[in-house]
Amino acid sequence: MWIQRLGRALGQGRRHLHAKIVKGTSIEVQPEPESAASSMTFPGVWLRDNCRCSECFHDTSQSRRLDWDTFDTAVRPLSIRSDEAAGEVHVSWSDAHESSYTLDWLRQRSFDADRQRAYLEDFYRPATRHWAGAEFQQVAQHFDYEEVMAKDAALQQWLQALAVYGVALLRGAPLDEGVVRRLAERVGFIRRTTYGEEFVVQAKPGAQNFAYLSLPLPLHTDLPYYEYKPSVNILHCVVQTESQGGSNLLVDAFHIADRLRSDHPEDFERLCRTPVDWNDIGSEDGREFHNIWRAPAIWASTRVSTTVCPKRDSHFSVTLTKVEPWYESYSRFVRLARDDAHAFKTRPGDVLTFNNIRLLHGRTGYDDTEQNSRYIVRAYLDWGHHLLAAPETRTQTRTGSRAQTPARMQQQKQQQQPPPSSSTMARGDEI
Ligand code: OGA
Ligand code: ZN
Ligand code: ZN
């Protein structure tokens, strides 16, 4: 740190940095000399909203302290000064506040379209690559289960493949029922649903779910009747039937939606516009549930998702005139999907993982007898909860001081006393 400061004092690492007010409300920053291409424009209101001083921003919780009762959206920069040695821009505002921004911070938040695209693809989600059924063998990558569990690089590669193609296969998993939980927890949190956390798909008498039959299971997305659908579906094959059938069917419904949008735009629009009632009302292990959610079959606005499911409610809460056209459009979508579906039979030790709101999946029928059964353990993973930060964010993780809790206070007291001889203290709660 001190070497850096010394360097600055000696004028080393000096860089060009020019900033000016444009159109009275925005700021233009020019980090390289005579290169208009490198200049970045920032709206004043956005800069003021993102002031990082301790009055405007709470550092350890990384939260704004902004007061919307007094925040002036017409705020203007009155003067601006760039500090080349420190690589900072200082702004005085019309609301009598002063802010400073580092060039690196500004660069990372540039409104330039290419930079924003790079940020969204590298940091938010990689761009998806949609595929036709015939391409399944090329796009469905295989990973070794143990490697994914042990090595962060393998974990990252598996998640990347899953994010891009919506499907990835892990091989070589042990045949115990804990695999799906361990895998989900390697990434984030296992998702509890009315069917439990990890649960078994096998043919059983008195099935409460269509999947618990050995009949063919038509293409569908799981849990369309939840407002917040889990995005990753994990199917661990423990025992596979030796009879014909029992294969999984997979189709990239984003690809089908792309085709529908270009070849039959009216059908596409209708499926995006018409809310459908999805439901699951029943009981599991003696507990009753009542899950209902209305959403269109293709949702292309905020969170892209596609839904096809035999668990569609018999209520259809739309205007009468919309019913028949919707059936025409939906049947076109489902037929296109069915014609494109790829059948794939997992083997014991395989863990099939796929995006539950992108791919449609199904299963071919099979014979279920005592000598020839099929046993799949499954779980859902919430994609939004990555416990493993992207490598570039790891250094930015919060390091705020922790609040005192009775347990921590007790622990501190113990630590102030001399440690018990020759024993290693457990420091399990260290960050
Ligand atoms: C399900 C399902 C697939 C399978 O239970 O929803 O899609 O392989 N099962 O049995
Ligand atoms: Zn401030
Ligand atoms: Zn399913």
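Reader: What makes helix 9 oblique to helix 11?

Author: In this predicted model, helix 9 (residues 253-263) and helix 11 (residues 320-340) pack at an angle of about 130°, and their axes are 10 Å apart. An angle over 145 degrees would count as roughly antiparallel, and 65 to 115 as roughly perpendicular. The angle of about 130° falls in neither range, so helix 9 is called oblique to helix 11. As for handedness, helix 9 passes helix 11 in a right-handed crossing.

Reader: Which residues in helix 9 and helix 11 meet?

Author: From helix 9 come Ala253, His255, Ile256, Ala257, Arg259 and Leu260, and they meet Arg332, Phe333, Leu336, Ala337 and Asp340 in helix 11. Sorted by kind, the residues of this contact are seven nonpolar, one polar and three charged.

Reader: Why is Val89 called buried?

Author: Good one to check with a number! Buried means under 20% relative accessible area, and Val89 has 2%, so the word applies. Val89 sits in strand 7 (residues 88-93). Among the residues it touches are Leu17, Ala19, Val29, Ile80 and Tyr101.

Reader: How far apart are Val89 and Leu17 in sequence and in space?

Author: Along the sequence Val89 and Leu17 are 72 residues apart, while C-alpha to C-alpha they are 8.4 Å apart in space.

Reader: How do you know that His220, Asp222 and His361 coordinate the zinc ion (ligand 3)?

Author: A donor atom has to lie within 2.8 Å of the metal. His220 (NE2), Asp222 (OD) and His361 (NE2) are at 2.1 to 2.2 Å, so they count as donors. Along the chain, the donors follow the spacing H-x1-D-x138-H. Both His220 and Asp222 are buried, too.

How values were computed: Residues are numbered from 1 along each chain as its sequence is written. Chains are lettered from A and ligands numbered from 1 in the order in which they are written. This is a predicted model: local features need pLDDT of at least 70, side-chain atom pairs count only at pLDDT 80 or more; totals for chains, interfaces and linings use all residues. Side-chain values use heavy atoms; hydrogens and water are left out. Axes are lines fitted to C-alpha atoms, for helices over the stretch in contact, and angles run from 0 to 180 degrees between N-to-C directions. Helices (H or I, at least four residues) and strands (E, at least two) are DSSP runs, numbered from the N terminus. Angles under 35 degrees count as roughly parallel, over 145 as roughly antiparallel, 65 to 115 as roughly perpendicular and the rest as oblique. A crossing is left-handed if the near helix is turned anticlockwise from the far one by less than a right angle, and right-handed if clockwise. Contact means heavy atoms within 4.5 Å. Ala, Val, Leu, Ile, Met, Phe, Trp, Tyr, Cys and Pro count as nonpolar, Asp, Glu, Lys and Arg as charged, and the others, Gly among them, as polar. Donors are N, O and S atoms within 2.8 Å of the metal (3.2 Å for Na, K and Ca); water is not among the atoms, so sites may look incomplete. Buried means under 20% relative accessible area, exposed over 50%, partly exposed in between (1.4 Å probe, protein chains only). Lists of a residue's contacts leave out its neighbours within four places in sequence.
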